Every structure is written in C-alpha cells, then in structure tokens.
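User: I'd love a close look at the place where the ligand sits. Could you walk me through that part slowly?
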Amino acid sequence: MNAARIDVHLDEAAAGRSLRAEAAAGLTAARRTLSSMWLYDARGSELFEAITRLPEYYPTRAERAALNRAAVDIAEIVEADTLIELGSGAAEKTRLLLDAMGKQGALRRFVPFDVSAAALRGSAADIAADYPDLEVHGIVGDFTRHLHTLPGGGRRLLAFLGGTIGNLLPAERAAFLAEARQALQPGEWLLLGTDLVKPEATLIAAYDDAQGVTAEFNRNVLRVLNRELAADFDPERFQHVAHWDAEAEWIEMRLRAKSASRVRIAALGLTVDFAEGEELRTEVSAKFRPETVTAELGAAGFRLHRQWTDPDGLFAVSLAEA
Ligand code: AVJ
C-alpha cells in the first residue's frame, strides 16, 4: 500500500496565540471583525460542505466546470511532475487535475498543504490509495506563513482553488502572491481560482440561502468562540447578514445583534457590549474581474499564461508562470 508522508510545520500553540490576539483586537475595534479562520471547526467544515451543494451557491460547481474545460490544457502546458495544492479540502477538483496530469505523463508527486492536520491526513490517505504510483507528501501549515516549507525539486504546479484567496484582504492578498512567487522557481506555475463580480442578487442569494445553511455556518462561529475562548455568546440573538460592498467588490458576512447584549469572553479577559443592530464582520469574500486578477498576478511577479471560466462566466481559473 502506498503510504502518505506528512510533515507538520504548524506550531499550534503559536498559531492559537496569534489568532487570540487578533480576536481581542477585532472584537474591541470600532467596527468589530473576526478572522474567517474561526469559521472552520469540525461543524463549520461540515456546514461549508453542505453549502457547496446548495442550489444558490454556484462557486463550487462553476469552478469544477471551468477546471473540466481547462484540466487537459493545463497538464499539457505545465508538464509538471509535482502538484502542490493549498487548502486541499476539495479532493474532487484535485482529482480532475491529477487525472489530466497523470495522462500527460510527467506527474510523480502530490503535495497537499492544509492548516487542518485531520483534514490533511484524510485526503492524503485517500489520494495515496487511489493513485498507487503517486508519491504523496502532505504538509500541515498556514499558507500565509509557511510557503517557504514547500518541497523543492522538479517542476511544480502550485494550485490555490476554491476562491479562498478572496478571504484575504487586499494587502494580505498581495503579500500572499508575492510569497507564492518567492516559493517558486522561474518557469514553475501557479493555478489560481477566483470568483468573479456578478449581479448583486446572485451574490446575495449565494451567501444568504433560502434554507439558512449559510446563516447556521455564520452563527456557528459564536459557538466556536464560546468553546475556544470560554465566551458566552447566545447565537440565537444574532442574525446572519450577507452584505455586498460595491466599492470594494466583496461580500461581507456579518452577525447583527438582534438586541443589546453584553458578552463575556473569559479567555481574553474581555467584556464586549453589543448595541441593538450592531454588527460583527466574520468574513470577506472578494469577487474579481479577469483583468484585476491579471494585474495582481503581474504585481507579484507572475505572468498570466491563460485564463478559463465556466460556460456561464461565473468563476475563473488563471494559470500564471513564475
Ligand atoms: C470557502 C472561502 C471560498 O468565500 O465563498 C461560503 C466560504 N462563506 N459561504 C466563500 C463561504 C460563505 C467560501 N470559501
């Protein structure tokens, strides 16, 4: 049996400290914010999986359709022997690339990279079992801090799919792309998935679905804070809000206090008062225009080689050379 090797580069204690410091700052700021990383505990990850199957949540299906069109061309253009996938939860889309790259013939190694050791062990083992000739080398790390730990050698394709880059603020995004460029050698490749700007009604429906799954996903973050930070939020007293910021071109998920409430966050030594109607931002999800993706890649030192979308033009995958 083909076993997967897993390297752990994440110091969980240090990661926890920086996340808590950021939470203390964000919860006491004039406009309250929380890192979207808190959304993904086990229940949050399950709820996100349920979101990807909702009729209104088009990004997952649209990206799959774009990759379906693109995978064979990508494999022939890059001729890579290594596929590195950041945030490698989406095993189904990974397989589209692995299959095309396997047929092309150069592929030898798959490097899934994820913050969650549990998710990584599962997907690495599944891929290792289904692709017996592939060397699987998983890395547990934070893609905003540990890109320099990626194994070198050969000719690598670094894939960052799902539109997750949209969860970074513009300055964080620029820093991430610059680090990705540094981690690659000239002639190696980046494949980037980005959700595209579209009519507001489509976006709001995708982030505020009729069944309320996204609302539950958003409110679950308060349960995470209750458990991880010994807080006493009452999730039922907060309403899910999806807001389109037309200026910044991003969706914000927010939690709006239905009534005035005082929350104790014991592990941070904090008491936070919410006025009725006051909002806490829990996520930004930026939407892109094809030409801004090209420009941002260019600013980081990448050269766009080709861009694909799904047939409806909802989502783009961009292939760029380092
Ligand atoms: C997994 C981060 C790409 O931003 O669309 C889904 C998360 N948030 N519904 C996104 C999410 C609300 C999703 N990403």
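How far does a polar side-chain atom of N167 lie from an oxygen atom of the ligand?

Analyst: Happy to help! This is a predicted model, in which local features need pLDDT of at least 70 and side-chain atom pairs count only at pLDDT 80 or more, while totals for chains, interfaces and linings use all residues. Residues are numbered from 1 along each chain as its sequence is written, and side-chain values use heavy atoms, leaving out hydrogens and water.

Now to your question: the distance from N167 to that ligand oxygen is 3.4 Å. Two other residues have a polar side-chain atom facing the ligand in this way: for E283 the partner is a nitrogen atom at 2.8 Å, and for S285 an oxygen atom at 2.7 Å. Of the 350 Å² of accessible area that the ligand has on its own, the protein covers 95% (areas come from the Shrake-Rupley method with a 1.4 Å probe; for residues, only the protein chains shown count as cover).

Which parts of the chain form this shell? Two elements give two or more residues to the shell: α2 and β12 (279–286). These labels count DSSP runs from the N terminus, with helices (H or I) of at least four residues and strands (E) of at least two. The residues around the ligand, meaning those with a heavy atom within 4 Å of it, are Y40, F48, I51, Y57, G162, N167, Y207, F217, M253, E283 and S285. By class, seven are nonpolar, three polar and one charged. Here Ala, Val, Leu, Ile, Met, Phe, Trp, Tyr, Cys and Pro count as nonpolar, Asp, Glu, Lys and Arg as charged, and the others, Gly among them, as polar.

Let's stay with S285, which belongs to strand β12. S285 is buried, at 6% relative accessible area; buried means under 20%, exposed over 50%, and partly exposed in between, with a 1.4 Å probe and protein chains only. Apart from neighbours within four places in sequence, S285 is in contact with G166, N167, Y207, W250 and I251, where contact means heavy atoms within 4.5 Å. The side chain of S285 also makes a polar contact of 3.2 Å with that of Y207, and another of 3.0 Å with that of K287. A polar contact is a pair of N or O atoms within 3.5 Å; within protein, one must be able to donate a hydrogen and the other to accept it, and residues adjacent in sequence count only if both atoms are side-chain atoms.
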